[in-house]
Amino acid sequence: MPEQQLLKPSEWSYCDYFWADKKDSQGNNTVSGFEILLQKQLKGKQMQKEMAEFVRERIKIEEEYAKNLSKLSQNSLAAQEEGTLGEAWAQLKKSLADEAEVHLKFSSKLQSEVEKPLLNFRENFKKDMKKCDHHIADLRKHLASRYAAVEKARKALTERQKDLEMKTQQLEVKLSNKTEEEIKKARRKSTQAGDDLMRCVDLYNQAQSKWFEEMVTTTLELERLEVERVEMIRQHLCQYTQLRHETDMFNQSTVELVDQLLRKVDPAKDRELWVKEHKTGDIRPVDMEI
């Protein structure tokens with residue numbers, strides 16, 4: 001066939017490169033170019049689902065981490081520490097509860113703003129792809145049947161032409177009314193076979209045009225859907241990183257007050273306060289005189 005011009009040169013578009021069949025990885029069977037595109041779409045849907053599962057695992061980790069932080073914040077260890085150091089220690093324990101709340105909110109936002117959108121994006125995608133597959137497959141089968149009809153009509157025309165040629169040669173050898181009648185009959189059949197071939201070719205061209213239009217339209221739609229899927233995932237992964245940055249920022253804020261109190265820890269002041277509270281007396285023993 002003559003070399004055809006690309007519909008979208010330099011773009012590596014689906015509509016230009018998936019018209020032929022291709023052997024599968026085992027080399028045993030062939031798969032249509034359109035089927036390869038559908039497999040790409042379904043694989044993308046599966047990857048999207050697995051990303052949602054990954055985020056779900058991260059959510060579980062965050063929830064468990066928040067639970068453990070909250071539990072640890074209620075631990076009574078070193079609760080009797082006093083003074084400015086005791087205040088810093090108490091605030092440090094409280095910061096764990098604050099941090100637990102931050103991680104709990106992070107897990108909740110991950111669920112609503114990342115996991116859920118990934119799961120819900122194109123819920124009926126597989127069903128839609130199946131309909132699309134059946135539609136293109138039916139057009140292709142129809143085109144194949146039209147092609148078979150053309151070949152059959154072409155073969156019939158060849159046979160009629162040979163029959164007409166043979167009878168014409170017989171007429172040259174032996175002139176008879178019977179032979180002339182057979183030639184007329186053969187000529188009518190040959191003409192009819194030619195008309196049948198033209199009709200079959202016309203029907204084939206109509207089917208081929210319809211298949212071509214649907215293939216171009218559908219492959220471009222699949223291309224658009226893939227771009228949309230990638231962009232959707234990119235946006236939600238960006239949302240993930242944004243939430244992660246916010247979590248780090250909030251976590252940092254939970255320890256800022258702890259840092260402030262730690263800078264104010266004053267051993268001398270703590271000693272003064274402790275002595276004032278616990279002193280037993282300020283009279284020292286003196287030497288005895290004889």
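Lys-141 sits in helix α4, which covers residues 125-173. In this predicted model, Lys-141 has a relative accessible area of 60% and is therefore exposed, the cut-off being over 50%. Its C-alpha atom is 46 Å from that of Gln-239, a residue 98 positions away along the chain. The points below cover the overall form, the surface and charges, three buried positions, the cysteines and two backbone angles.

**Overall form**

- The protein has six helices and two strands.
- Read from the N terminus, the order of elements is α-β-β-α-α-α-α-α.
- The radius of gyration is 42 Å, whereas the globule rule gives 19 Å for 290 residues, so the protein is more spread out than a compact globule.
- The C-alpha trace spans about 175 × 30 × 30 Å along its principal axes.
- Among contacts with a separation of 6 or more, 79% join residues that are 24 or more positions apart.

**Surface and charges**

- Of the 290 residues in the protein, 29% are buried.
- The exposed area of the protein is about 21,000 Å², and carbon and sulfur atoms supply 54% of this area.
- There are 51 positive and 53 negative side chains in the protein.
- The centres of these two sets of charges lie 10 Å apart.

**Ser-95 in helix α3**

- Ser-95 belongs to helix α3.
- With a relative accessibility of 3%, Ser-95 is buried, because the limit for that class is under 20%.
- Setting aside residues up to four places away in sequence, Ser-95 touches Thr-254 and Val-258.

**Phe-121 between α3 and α4**

- Phe-121 is placed in the loop between α3 and α4.
- Although in a loop, Phe-121 counts as buried, at 17% relative accessibility.
- Beyond its neighbours within four places in sequence, Phe-121 is in contact with Lys-45, Gln-48, Glu-228, Arg-229 and Met-232.
- Glu-246 is 125 residues from Phe-121 in sequence, and the two C-alpha atoms are 25 Å apart in space.

**Leu-164 in helix α4**

- Leu-164 is located in helix α4, the helix that also holds Lys-141.
- Leu-164 is buried at 17% relative accessibility, whereas Lys-141 is exposed at 60%.
- Ala-186 is 22 residues from Leu-164 in sequence, with 5.2 Å between their C-alpha atoms.
- Ala-186 is also one of the residues that Leu-164 touches, and the others are Ile-183, Arg-187 and Ser-190, not counting residues up to four places away in sequence.

**Cysteines**

- The number of disulfides is zero, where a disulfide would need two cysteine sulfur atoms within 2.5 Å.
- Cys-132 is in no disulfide, because its nearest cysteine sulfur, that of Cys-15, is 14 Å away and a pair must lie within 2.5 Å.
- Cys-132 is buried, with a relative accessible area of 16%.
- Cys-238 counts as partly exposed, with a relative accessibility of 38%.

**Positive phi angles outside glycine**

- Trp-12 is not a glycine, yet its phi is positive, at about 50°.
- Trp-12 is found in the segment before α1, the helix of residues 14-17.
- The relative accessibility of Trp-12 is 67%, so this residue falls in the exposed class, which requires over 50%.
- Ala-78 is likewise not a glycine and has a positive phi, of about 60°.
- The loop that holds Ala-78 runs between α2 (33-73) and α3 (83-120).
- Ala-78 counts as partly exposed, because its 46% relative accessibility falls between the limits of under 20% for buried and over 50% for exposed.

Methods:
Residues are numbered from 1 along each chain as its sequence is written. This is a predicted model: local features need pLDDT of at least 70, side-chain atom pairs count only at pLDDT 80 or more; totals for chains, interfaces and linings use all residues. Side-chain values use heavy atoms; hydrogens and water are left out. Helices (H or I, at least four residues) and strands (E, at least two) are DSSP runs, numbered from the N terminus. Buried means under 20% relative accessible area, exposed over 50%, partly exposed in between (1.4 Å probe, protein chains only). The radius of gyration is taken over C-alpha atoms; the globule rule is 2.2 Å times the number of residues to the power 0.38. Contact means heavy atoms within 4.5 Å. Accessible areas come from the Shrake-Rupley method with a 1.4 Å probe; for residues, only the protein chains shown count as cover. Lys and Arg count as positive and Asp and Glu as negative; His and the chain ends are not counted. The place of a charge is taken as NZ of Lys, CZ of Arg, CG of Asp or CD of Glu.
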